[in-house]
Amino acid sequence: MRMRPTLSWTPGADLPPGTTDLAPVADALRAGGVLVLSGAGISTESGIPDYRGEGGSLSRHTPMTYQDFTAHPEARRRYWARSHLGWRTFGRARPNAGHRSVAAFGRHGLLTGVITQNVDGLHQAAGSEGVVELHGSLDRVVCLTCGDLSPRRELARRLEEANAGFAPVAAGINPDGDADLTDEQVGDFRVVPCAVCGGILKPDVVFFGENVPPARVEHCRELVREASSLLVLGSSLTVMSGLRFVRQAAEADKPVVIVNRDATRGDRLAVTRVALALGPALTTVADRLGLTVEAAATA
Ligand SMILES: [Zn+2]
């Protein structure tokens with residue numbers, strides 16, 4: 001079950017402090033066989049704020065739960081209005097130096113895989129291959145009635161048509177692609193049904209209160225078994241869906257290295273936590289390994 005994060009968890013004062021020493025990250029990559037587990041922190045430099053950390057949105061944003069979404073048409077209307085607006089922002093987001101560094105690590109054969117908790121598709125946009133999207137992707141839409149999968153851009157086009165002139169200015173955007181809108185701004189936004197059966201459409205992401213599909217979890221467990229080490233990038237590991245892989249790696253005596261600005265729930269299980277911003281940190285590591293990170297594409 002993916003539980004909604006709360007602000008109630010605060011790291012204990014007895015946690016080991018983070019360092020700025022990138023040597024353990026470079027060493028792990030040099031040894032190869034690294035499995036990357038990434039979270040919202042790797043995408044903040046692309047303009048997608050994290051729930052927590054600097055400018056965190058959790059204090060003003062309550063993420064949609066599966067239960068609310070499926071039970072209340074009004075909740076779906078609010079969600080799709082906000083998500084439709086958020087999609088435009090996500091559509092403009094570009095991979096940053098962190099994503100591009102991970103892609104470079106992969107190209108040079110240093111990784112066994114990439115698991116991401118993000119639904120923004122930026123690892124793939126940077127060129128990473130075989131990315132496991134633990135919480136699904138905003139790129140796809142699933143029908144809860146007939147199971148039809150369709151591209152999000154198609155739905156976006158239909159929503160544009162059904163809501164001509166809908167252009168409120170959101171107070172903020174969240175890592176799940178959900179923009180902050182007041183009820184007044186949502187107004188009489190019109191939701192469109194499944195084009196195949198008329199059923200209820202949902203983004204193909206794992207909502208809070210929903211389970212990650214078991215086959216996907218098992219695939220990730222297999223990736224942990226195959227890996228020599230686990231490199232956590234930009235995740236506070238607050239939710240079990242990611243933390244369990246850190247536990248699995250630690251139990252198998254595989255080194256866990258974390259790069260995250262703030263303390264994480266996995267710090268005690270890690271060899272070290274590097275408290276640096278992802279883009280500059282991973283670029284430095286790539287430099288040390290003599291790898292070329294592709295330049296940012298000019299939009
Ligand atoms: Zn359908």
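This is a chat about the sheet, domains, cores and ring pairs of one predicted model.

Trainee: Which domains does the chain have?
Mentor: The domain assignment gives domain 1, made of 19–48 + 95–135 + 211–299, and domain 2, made of 57–92 + 138–205. Keep in mind that this is a predicted model.

Trainee: How many Å separate their centres?
Mentor: The centres of domain 1 and domain 2, taken over C-alpha atoms, are 28 Å apart.

Trainee: And how many residues are in contact between them?
Mentor: On the domain 1 side there are 7 residues, and they are in contact with 9 residues of domain 2.

Trainee: OK, the sheet. What's the strand order?
Mentor: The order is E3-E2-E1-E7-E8-E9, so to speak of it in words, 6 strands form an open sheet with parallel pairing. Strand E3 (131–133) and strand E9 (272–274) are the edge strands, and each pairs on one side only.

Trainee: By how many degrees are neighbouring strands turned?
Mentor: On average, neighbouring strands of this sheet are turned by 20° against each other, direction ignored.

Trainee: What joins E7 to E8?
Mentor: Strand E7 (residues 229–233) and strand E8 (residues 256–259) run parallel and are joined by 4 bridges. As one example, Leu-233 has Val-259 in E8 as its bridge partner.

Trainee: Which helix lies across E1, E2 and E3?
Mentor: Helix H8 (residues 214–226) does. Its angle to E3 is about 140°.

Trainee: Is H4 mostly buried or exposed?
Mentor: In helix H4 (residues 97–107), 9 of the 11 residues are buried, so the helix is largely enclosed by the rest of the structure. Among the buried ones are Gly-98, His-99, Arg-100 and Phe-105.

Trainee: What covers them?
Mentor: The cover for the buried residues of H4 includes helix H1 (23–31), E2, helix H5 (122–126), E7 and helix H10 (278–288).

Trainee: New topic. How many residues are in the largest nonpolar core?
Mentor: That core has 31 residues, and those with the most contacts inside it are Tyr-79, Trp-80, Leu-138, Leu-155, Phe-189 and Leu-201. At least two residues each come from helix H3 (73–92), strand E4 (136–143), helix H6 (152–162) and strand E6 (201–205). H3 gives the most, with 7 residues.

Trainee: Why does this core lie between the domains?
Mentor: Because domain 1 and domain 2 both give residues to this core.

Trainee: What else is there besides that core?
Mentor: There is a second, separate core of 26 residues, which includes Ala-26, Val-36, Leu-111 and Val-274.

Trainee: Back to Phe-189. Which residues does it touch?
Mentor: Leaving out residues up to four places away in sequence, Phe-189 touches Arg-77, Trp-80, Ala-81, His-84, Leu-159, Asn-163 and Phe-166.

Trainee: How many aromatic pairs are there?
Mentor: The structure holds 5 aromatic pairs. In one of them, the rings of Phe-69 and Phe-207 have centres 5.1 Å apart and planes at 85°, so the pair is edge-to-face.

Trainee: Where do Phe-69 and Phe-207 lie?
Mentor: Phe-69 is in helix H2 (residues 66–71) and Phe-207 is in the loop between E6 and H8, so the pair ties together parts 138 residues apart in sequence. Phe-69 and Phe-207 are buried.

Trainee: What about the rings of Tyr-79 and Trp-80?
Mentor: Their centres are 5.5 Å apart and their planes are at 75°, so this pair is edge-to-face. Tyr-79 is buried, with a relative accessible area of 2%, and Trp-80 counts as buried at 2% relative accessibility.

Trainee: Which residues do the ring pairs link into a cluster?
Mentor: Phe-69, Tyr-79, Trp-80 and Phe-207.

Technical notes
Residues numbered from 1 in each chain as written. Predicted model: local features only at pLDDT ≥ 70, side-chain atom pairs only at ≥ 80, totals over all residues. Heavy atoms only, no water. Pairing = 2+ DSSP bridges. Axes fitted to C-alpha atoms, helices over the stretch in contact; angles between N-to-C directions. Contact = heavy atoms within 4.5 Å. Core = buried A, V, L, I, M, F, W, Y, C linked by side-chain atoms within 4.5 Å. Buried < 20%, exposed > 50% of the residue type's maximum accessible area, 1.4 Å probe, protein only. Domains from an automatic or database assignment. Phe/Tyr/Trp six-rings, centres within 6.5 Å; stacked < 30°, edge-to-face > 60°.
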